[in-house]
Protein chains: 2
Amino acid sequence: MATNELAEGGAKRMAFQREHEHVSPRGLFDQVEPKGSRRFLTAAVVAFSGRGYHATTTRDIATLAGSSPAGIYTYYATKADLLYEISVIAHQYILDETIAAVAVHEDPIGRISEVVRRSVTYHAEEHVLARVVNTDFRALDVPRLAAILKMRRQISTIVRDEVARGVELGVFDVNHIEGATIAILRLLDVAPWYNERGPMSPAELAEVYVALILKMVGASHQGGDRDAAVNG
Amino acid sequence: MATNELAEGGAKRMAFQREHEHVSPRGLFDQVEPKGSRRFLTAAVVAFSGRGYHATTTRDIATLAGSSPAGIYTYYATKADLLYEISVIAHQYILDETIAAVAVHEDPIGRISEVVRRSVTYHAEEHVLARVVNTDFRALDVPRLAAILKMRRQISTIVRDEVARGVELGVFDVNHIEGATIAILRLLDVAPWYNERGPMSPAELAEVYVALILKMVGASHQGGDRDAAVNG
DNA sequence: GGGCTGCAAGCAAGCGCTTAGTAGATGGGG
DNA sequence: CCCCATCTACTAAGCGCTTGCTTGCAGCCC
């Protein structure tokens with residue numbers, strides 16, 4: 001069986017490739033060059049997401065990518081390199097999204113709403129990827145972990161600053177800024193439980209979470225329709 | 001070095017034992033019999049909590065417990081057995097706590113407050129243990145995973161019923177019961193980030209979270225002891 | 001002195017990764 | 001237009017090591 005599979009390697013590989021080509025609905029890996037490495041990167045995302053970094057073998061990844069166990073090492077020196085490249089791409093993306101979100105509006109309610117909307121939509125749409133980068137980053141070695149933690153701290157800082165700003169402007173009612181910030185950040189990651197076959201689309205879920213978090217920070221949902229408070 | 005360590009096994013073991021004797025501040029493993037197995041159970045909690053189930057070797061656990069690699073197998077047939085016993089004990093405890101919490105009060109605000117208070121306090125005090133059972137339970141095989149998931153579903157159901165009850169009685173203001181339930185459940189697990197050397201005690205954190213979640217479900221903070229001016 | 005408890009030693013399997021080598025595309029010289 | 005050197009992408013084979021777990025035996029407490 002193994003011999004047959006490998007004999008028709010070309011067709012097999014394409015079939016595998018097609019399978020996890022759409023791992024990232026937003027195409028976060030589309031720019032990765034060379035194309036060969038993209039194959040292993042998306043295969044690694046699928047494997048890590050399903051069983052976790054440590055439980056995933058390099059052979060699992062190679063099989064998903066439709067190559068022999070050694071194929072990985074044409075593009076990546078270690079299994080950890082795969083995890084690191086995945087982590088950097090995903091964290092850079094959500095950091096950019098968060099930075100962009102706070103630039104859309106001037107008022108605190110609009111800003112925090114936009115941060116929540118974008119982040120929840122991302123975590124739901126990209127839940128396969130997000131499960132990897134929000135769980136397995138602890139497996140990285142110290143210098144690489146530091147680089148990822150730095151990006152995570154930047155996101156935390158943006159959210160904390162927005163909460164503080166809303167409080168200063170008298171728009172939010174929060175007793176404990178740090179507590180509220182951590183609560184918000186924790187809520188944004190819906191990836192661990194989100195199911196794309198469930199009742200809520202990412203966009204619907206995002207609106208539910210915008211409402212919940214606005215109430216949590218004591219910002220009243222102004223007006224009958226949700227866009228009234230957001231459009232500036 | 002390794003030789004010396006093993007030569008003075010007795011004293012070393014007691015030192016190790018003392019180290020992770022207080023892994024569980026609430027003494028969740030105090031009733032485990034025989035005592036020998038308790039040693040390995042608490043050692044496994046420390047090891048799993050620090051590096052995760054798959055990254056922890058049986059030798060790590062044995063070393064922490066102050067025994068040879070084979071020592072574990074006097075009490076446990078497999079590494080997974082350790083994880084399973086840990087998971088059952090912890091889940092049974094927090095399930096009992098949650099059942100007890102909703103029995104304290106009659107009014108929805110009092111009930112949900114008590115659930116949040118007990119759960120957050122538990123997750124903060126027992127953050128080493130909670131980190132294991134809320135992350136690594138996915139590593140269990142299907143039948144054991146099913147047993148754990150059943151207990152987790154029971155907790156979810158209690159919280160969902162409390163949210164629904166509060167809405168029915170007109171005390172809570174929630175647009176989406178399922179969304180609010182998942183949000184609450186996610187907030188309760190503070191273990192991944194809680195640091196006992198941080199500024200907040202478990203009890204203080206619990207009160208912050210009670211306030212946040214009450215606002216999230218649209219229940220006003222009744223009583224004037226904290227901050228009567230929640231509704232600005 | 002019999003039953004636990006625990007250890008030293010080690011096994012089979014599986015791990016991440018390396019090596020030597022090749023099929024197939026590429027492209028410049030004759 | 002063909003030949004062949006070159007290069008890239010890939011594989012078969014397997015190395016050295018670690019893993020979870022087993023075995024056979026020894027101390028020790030009742």
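Biologist: Which atom of DNA strand C does a backbone N or O atom of Ser68(B) approach, and at what distance?

Modeller: This is a predicted model, where local features need pLDDT of at least 70, side-chain atom pairs count only at pLDDT 80 or more, and totals for chains, interfaces and linings use all residues. Residues are numbered from 1 along each chain as its sequence is written, chains are lettered from A and ligands numbered from 1 in the order in which they are written, and side-chain values use heavy atoms, with hydrogens and water left out. The backbone atom of Ser68(B) approaches a phosphate oxygen of DNA strand C, at 3.1 Å.

Biologist: Which residue has a polar side-chain atom 2.9 Å from a base nitrogen of DNA strand C?

Modeller: Tyr73(A) has a polar side-chain atom 3.1 Å from a phosphate oxygen of this strand. The base nitrogen, at 2.9 Å, pairs with a side-chain atom of Arg59(A).

Biologist: How many residues around DNA strand C are nonpolar, polar and charged?

Modeller: There are 16 residues around strand C, and Thr57(A), Thr58(A), Arg59(A), Lys79(A) and Tyr75(B) come nearest. Near means that a heavy atom of the residue lies within 4 Å of the strand. Ala, Val, Leu, Ile, Met, Phe, Trp, Tyr, Cys and Pro count as nonpolar, Asp, Glu, Lys and Arg as charged, and the others, Gly among them, as polar. By class, the surface has four nonpolar, seven polar and five charged residues.

Biologist: What share of the atoms of DNA strand D within 4 Å of the protein is sugar and phosphate?

Modeller: Strand D is surrounded by 18 residues, with Ser68(A), Thr57(B), Thr58(B), Arg59(B) and Lys79(B) closest. Of its atoms within 4 Å of the protein, sugar and phosphate make up 64%.

Biologist: How far is a base nitrogen of DNA strand D from an N or O atom in the side chain of Arg59(B)?

Modeller: A polar backbone atom of Thr58(B) is 2.8 Å from a phosphate oxygen of strand D. For the Arg59(B) side chain and the base nitrogen, the distance is 3.0 Å.

Biologist: Which residue of chain B forms a salt bridge with Asp189(A)?

Modeller: Contact (heavy atoms within 4.5 Å) links 25 residues of chain A with 28 of chain B. The rule finds two salt bridges across this interface; each needs a side-chain nitrogen of Lys or Arg within 4 Å of a carboxyl oxygen of Asp or Glu. With closest N and O atoms 3.4 Å apart, the partner of Asp189(A) is Arg186(B).

Notes: Polar contact = N/O pair within 3.5 Å; in protein donor to acceptor, adjacent residues only side chain to side chain.
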